Amino acid sequence: MRLATAANEAYTASLAVSELLGCKQCGGSRGQDEELGIRIPRPLGHGPSRFIPEKEILQVGSEDAQMHTLFTDSFAALGRLDNITLVMVFHPQYLESFLKTQHYLLQMDGPLPLHYRHYIGIMAAARHQCSYLVNLHVNDFLHVGGDPKWLNGLENAPQKLQNLGELNKVLAHRPWLITKEHIEGLLKAEEHSWSLAELVHAVVLLTHYHSLASFTFGCGISPEIHCDGGHTFRPPSVSNYCICDITNGNHSVDEMQVNSAGNVSVSDSFFEVEALMEKMKQLQECREEEEASQEEMASRFEIEKRESMFVFSSDDDEVTPARDVSRHFEDTSYGYKDFSRHGMHVPTFRVQDYCWEDHGYSLVNRLYPDVGQLIDEKFHIAYNLTYNTMAMHKDVDTSMLRRAIWNYIHCMFGIRYDDYDYGEINQLLDRSFKVYIKTVVCTPEKVTKRMYDSFWRQFKHSEKVHVNLLLIEARMQAELLYALRAITRYMT
């Protein structure tokens, strides 16, 4: 047994179609099902992720008590083991913190009623056209007694939730534009006003689901078999192998094609790892020899910030949201724009003036007790998580690389650390990696498998999932910093 029992039962249930279908090549029979008129769904995808081979995910689990408890707790809390959980299990320490935080936000005592929480999750996920998360929370919303009419469109929800639409929009796409006026408008809306505690709960939910949409697209999460896009009733098209091979995930032809294409650049990708290791070594030596002045550090930040605006993918086309998603938010044309491209200068957000540790954490914990602690723990686990490996290398200090990724994301949001040399970013992050990072963080709905495959080609899938954990937590913290700073300015 390679996965914990609860995970096996939940996941393999969706792959047991072959037992019901049968086929002529292996002697199975489906006549009885045809007589009963049963339509049997089969999964459209090959496992929890479109980017990661199914067999690698299934090999992650083990029989240890921690893993079993994680799956059991997740199943008990949500009534399911979703594909996000099955991919995050590459990193059980993070997954435990993530599940604990999400459970508290959605189900434990808090300022907002349960149906409001799930509806805000729908609003947040819809901004990135993440139908995967929207579908999950539509079901949860109805399960906790939410009014089905609200699901016909945001205009059918209470005015109080409609008023949150503007903050949701700006927070998702251009958080540097959030001001204390946005906060004041929500807190002083007469009979539709929010309390400070309710607003902090809503802000945390919005940032959580914006970031989770980034993870969903960044890891190519597949819809569950019971959701739209997760199944089909049509029989598979077969050539030289039996239908049971397909329904059981034995896609030998597909895998041969993928592997033969992927082996072309193995030597090139090997040298990429070696070059990255050498750059890390050189940068460490430079740090020890000389330290740049504050003026030079500030100049390097501005250069990196400007350069980040010219990082975009070749797939940078507009993605038109489907009606079933777009009805949950207003102003569908509003999306990500670089902060210096729309005719106004946005001042640099200096972490030394307002940071999570000294300001944001205490504000959240004061207005929504215990949540600040849970979020802080999740940030720290994602940032410090390491197995001291890089591709085929062991005993590697990866702190320099992890800090470069985190600070590059904050740099794209105009957030600067005075004690960091931004010249290191261009040394450590190549263009294909920057394209992937910016797409996942800013326009996740545009992520493609080609982008996922094009960076760190010799690295393990678990390491790429780790990258996505860094991306979503850095993004969440950036959004929170702008929103909480605006709340603090309103309060003072």
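Start by selecting glutamate 190, in the loop that links α12 to α13. This is a predicted model, and here glutamate 190 has a positive phi of about 55° despite not being a glycine. For context, most residues other than glycine have a negative phi. Buried or exposed, then, for glutamate 190? Its relative accessibility is 67%, over the 50% cut-off, so glutamate 190 counts as exposed.

**Back into α12**

Now step back to helix α12, residues 180-187, and show the side chains of Ile183, Leu186 and Leu187: these are the buried residues of the helix. Look down the axis and you'll find them on the same side of α12, because the arc they cover is only 95°. What lies over them? The cover includes α10 (159-163), α11, α13 (196-218) and α25 (461-491), so color those next if you like.

**Over to α11 and α8**

From that cover, pick α11 (residues 165-173) and add helix α8 (residues 114-127). Their axes come within 10 Å and cross at roughly 45°, and the two helices are therefore oblique to each other. The crossing of α8 past α11 is right-handed. To see the contact, select Met123, Ala124 and Arg127 on α8, then Gly165, Asn168, Lys169, Ala172 and His173 on α11. Sorted by class, that contact has three nonpolar, three polar and two charged residues.

**Stay on α8, add α9**

Keep α8 on screen and bring in helix α9, residues 131-143. Which way do the two run relative to each other? Their axes cross at roughly 165° and come within 9 Å; an angle over 145 degrees counts as roughly antiparallel, so that is the label for α8 and α9. Here α8 makes a left-handed crossing, whereas its crossing with α11 is right-handed.

For the contact, α8 supplies His115, His118, Tyr119, Ile122, Ala125 and Ala126. Facing them on α9 are Leu133, Val134, His137, Val138, Asp140 and Phe141. By class, the contact of α8 with α9 has eight nonpolar residues, three polar and one charged.

**α7 against α13**

Next, clear α8 and α9 and show helix α7 (residues 92-107) with α13. The axes are 11 Å apart, and the packing angle is about 135°. That makes α7 oblique to α13, and their crossing is left-handed.

Zoom in on the contact. On the α7 side, select Phe98, Gln102, Leu105 and Leu106. On the α13 side, go for His201, Val204, Leu205, His208, Tyr209 and Leu212. How many charged residues are in this contact? There are none: the contact of α7 with α13 has seven nonpolar and three polar residues.

**Follow the chain out of α13**

Past α13, stop at proline 223, in the loop that leads to β2 (231-232). Proline 223 has 30% relative accessibility, so it counts as partly exposed. Now select glycine 47 as well: the two residues are 176 apart in sequence, yet their C-alpha atoms are 9.4 Å apart in space.

**α19 and its two faces**

Jump to helix α19, residues 356-367. Which of its residues are buried? Show Trp356, Gly360, Leu363, Val364 and Leu367. They cover an arc of only 105° around the axis, so they sit on the same side of α19. Those buried residues pack against α13, α20 and α25. Spin the helix around and the face turned away from the buried side carries the exposed residues Asp358 and Arg366.

**Down to asparagine 388**

Carry on to asparagine 388, in the loop between α20 (371-384) and β4 (389-390). Asparagine 388 isn't a glycine, but it has a positive phi of about 55°. With 37% relative accessibility, asparagine 388 counts as partly exposed.

**Zoom out**

To finish, show the whole protein, colored by secondary structure: it comes to 25 helices and six strands. Of its 492 residues, 53% count as buried. And among contacts between residues at least 6 apart in sequence, 78% join residues at least 24 apart.

Note on methods:
Residues are numbered from 1 along each chain as its sequence is written. This is a predicted model: local features need pLDDT of at least 70, side-chain atom pairs count only at pLDDT 80 or more; totals for chains, interfaces and linings use all residues. Side-chain values use heavy atoms; hydrogens and water are left out. Axes are lines fitted to C-alpha atoms, for helices over the stretch in contact, and angles run from 0 to 180 degrees between N-to-C directions. Helices (H or I, at least four residues) and strands (E, at least two) are DSSP runs, numbered from the N terminus. Angles under 35 degrees count as roughly parallel, over 145 as roughly antiparallel, 65 to 115 as roughly perpendicular and the rest as oblique. A crossing is left-handed if the near helix is turned anticlockwise from the far one by less than a right angle, and right-handed if clockwise. Contact means heavy atoms within 4.5 Å. Ala, Val, Leu, Ile, Met, Phe, Trp, Tyr, Cys and Pro count as nonpolar, Asp, Glu, Lys and Arg as charged, and the others, Gly among them, as polar. Buried means under 20% relative accessible area, exposed over 50%, partly exposed in between (1.4 Å probe, protein chains only). The arc is that of the directions from the helix axis to the C-beta atoms.
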